[in-house]
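Good morning, and thank you for coming. I would like to take you through one structure, beginning with a whole chain and then turning to two of its elements.

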Amino acid sequence: MEMRDVFAKCMAEMMEKDPSICVLDADLANSHRTPALYKKFPGRCYECGIAEQNMASIAAGLSSYGFKPYISSFTPFATRRICDQIAISIAYSQQNVKIIGSDPGISAELNGGTHMSMEDIGVLRSIPGMVIFEPVDEVQLGKAMQQVNDYEGCLYIRLFRKVQPVIFDENYEFDLFKADVLREGTDLTIVASGIMTKDALDVAEQLAGEGISCEVVSVHTVKPIDKETIVASARKTGAVVTLENHNVLGGLHSAVLEALAEEKVPVTKVGVPDKFGEVGKMPYLREVMGMTYEDCLQQARKALSLK
Amino acid sequence: MSCDLKQVARDIRCNIVECIGSIGVGHIGGCLSIADLLAVLYFQEMNVDPQNPKMPGRDRLICSKGHAGPALYSALALRGFFDKELLLTLNKNGTMLPSHCDMNKTPGIDMTAGSLGQGFSCACGAALGSKMAKDNAVIYCIIGDGESQEGQIWEAAMFAPAKKLDNLIAFTDYNKMQIDGTVEEICDIAPLGDKWRAFGWNVIELEDGNDVDAISDAVKAAKANIGSGKPTMVILNTVKGKGISFIEALGVGSHSTNLSAEDVQRALAEIRGE
């Protein structure tokens, strides 16, 4: 199932129970599968047109009235374009607004550089109080939405819109503020987020065949980061590699380095090397950005060699 | 409530002077220009309860030109939301009265504002919220003329009529001045009434935006317009620094200026007609 369909399905279920939830779009409703919500909950869904700044501040006004607005756009327009509105109208004003940014990083594919936000996490991570959540798969997203709705404050969902490989099973218990240890190991910690999580598991599997034991830590919430889990794993293994679909400046790698600042542990990285995006399908873009499976393997070996 | 609005406006002006004078510097010009409007809103038109500032269903005022915070604090103190003595803590360390409006610090402030253009959209959100809650509240919003250069103002200008937010009554404090010069010479917004009409608003233009009687009539007309589907924009042709001749004489320099203890006494005497 596509992630956006899971999002819309969860929204419909939650809106049934919680009359304070409302939905705002900026001419990308269908991209987020919200039109069905407009039909089912008329008077609670509003199309703002191509005016994201207005949408963000309107959401703040609705929140000040006790509503729980969800606003959606593509990641660059849901973050860097409205950074000040998020900072002042929403975060500084302590409003309860959920922001959905879709097509993160290279997943914007054929929309190209203008629509590729390699910096959305960095932009938002510097705003006090923000929660930044990037679901790994449809199971996790489905389990997360109720906790997202229950959280009071400004929360950003970095949403891959289409089908993701399923990592979690139905017995998985989600905690918005706790990283998941997907695989335990003793030689190397692989910290991964979003679309790179599958690569982390594959690298761990391949290295296991060579007698190297990898611990895979899945960070779905990069802010506030689960420092405790990351530090404990790094102390156990003594080496870390981070895998992310974002600029290595300001995103997961930076957050992990901050968490490990007082630890004597080498940390290598795979991510966007401080570059803008370009048009292309994901396999091509992974090559351009140095984010292929081979790059992940190489950086994992490098971290091991630095121990 | 029934009271002498002209006297209320004078009292608000005195509070503004003492408030800004307590720290010796502040945005006095754009505070004084809206004192008459605040007298009409807080002392005649708005359904608010100083004992219960977050009363559900209350009318709300969002001052999108957030730097006029001291004007709102002055009116709120006069209306009984908090002790007048607190006005003397403006911008002091740890104060509940910061230079720009902060809904989480000051009783009676309905929305945080200061980054220009945003409060107006927040007011649209509150007006939409009132419609959704069906509480029949009126949402008032004050924007600056310089602020009207922000693109976000015009995003909201399109949104409010499109969503039929006739419970939104906005005011432009058209004092013709901004920090770097006159609005006309910096980046003109005229013809302002035509612009708002073209965007689908019910527009009321007041030649003297510092006349409490005219403002009072305009707000009544705007309220009578609720049900039409059109939001109202009242354009107040105001004077920056209104009521204190040496502040008015500063022109664009009145936006933010020093105010000595002697200036405070001189200003109070003029306002009180002594």
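**From a whole chain to a single strand**

In chain A, 78% of the contacts with a separation of 6 or more are between residues 24 or more positions apart. Please keep in mind throughout that this is a predicted model.

Let me stay with chain A for a moment. Its secondary structure amounts to 12 helices and 12 strands. The radius of gyration of chain A is 19 Å, close to the 19 Å that the globule rule gives for 307 residues, so chain A is as compact as a globular protein of that length. Along the principal axes, its C-alpha atoms fill a box of roughly 60 × 35 × 35 Å. As for burial, 56% of the 307 residues of chain A count as buried.

I now turn to helix 1 of chain A, residues 3-17. This helix has 15 residues and reaches 22 Å from its first C-alpha to its last, close to the 21 Å expected at 1.5 Å a residue. Which residues of helix 1 of chain A are buried? They are Met3(A), Arg4(A), Val6(A), Phe7(A), Met11(A) and Met15(A). Viewed down the helix axis, these buried residues fall within an arc of 160 degrees, so they line one face of the helix. The general background is that an α-helix has 3.6 residues a turn, so residues three or four places apart point the same way. On the other side of helix 1 of chain A, Glu16(A) and Lys17(A) are exposed. The partners against which the buried residues pack include strand 1 (21-25), helix 2 (35-40) and helix 7 (138-150) of chain A.

The second element is in chain B: strand 4, residues 168-174. Why is strand 4 of chain B described as largely enclosed by the rest of the structure? Because 7 of its 7 residues are buried. Both faces are covered, with Leu168(B), Ala170(B), Thr172(B) and Tyr174(B) buried on one side, and Ile169(B), Phe171(B) and Asp173(B) buried on the other.

Let us consider the neighbours of this strand. Strand 3 of chain B (residues 139-144) runs parallel to strand 4 of chain B and is joined to it by 6 bridges; here Ile142(B) stands opposite Phe171(B). Between these two strands the chain passes through helix 6 of chain B (residues 151-162), in a right-handed β-α-β crossover. Strand 8 of chain B (residues 232-237) is also parallel to strand 4 of chain B, again with 6 bridges, and Ala170(B) stands opposite Met233(B) in strand 8.

Terms used
Residues numbered from 1 in each chain as written. Chains lettered and ligands numbered in written order. Predicted model: local features only at pLDDT ≥ 70, side-chain atom pairs only at ≥ 80, totals over all residues. Helix = DSSP H or I, 4+ residues; strand = E, 2+ residues; numbered from the N terminus. Expected span 1.5 Å × (residues − 1). Buried ≥ 20, exposed ≤ 12 C-beta atoms within 10 Å, placed from the backbone. Arc of directions from axis to C-beta. Contact = placed C-beta atoms within 7 Å. Pairing = 2+ DSSP bridges. Right-handed = clockwise from strand over helix to strand, strands pointing away. Rg over C-alpha atoms; globule rule 2.2 N^0.38 Å.
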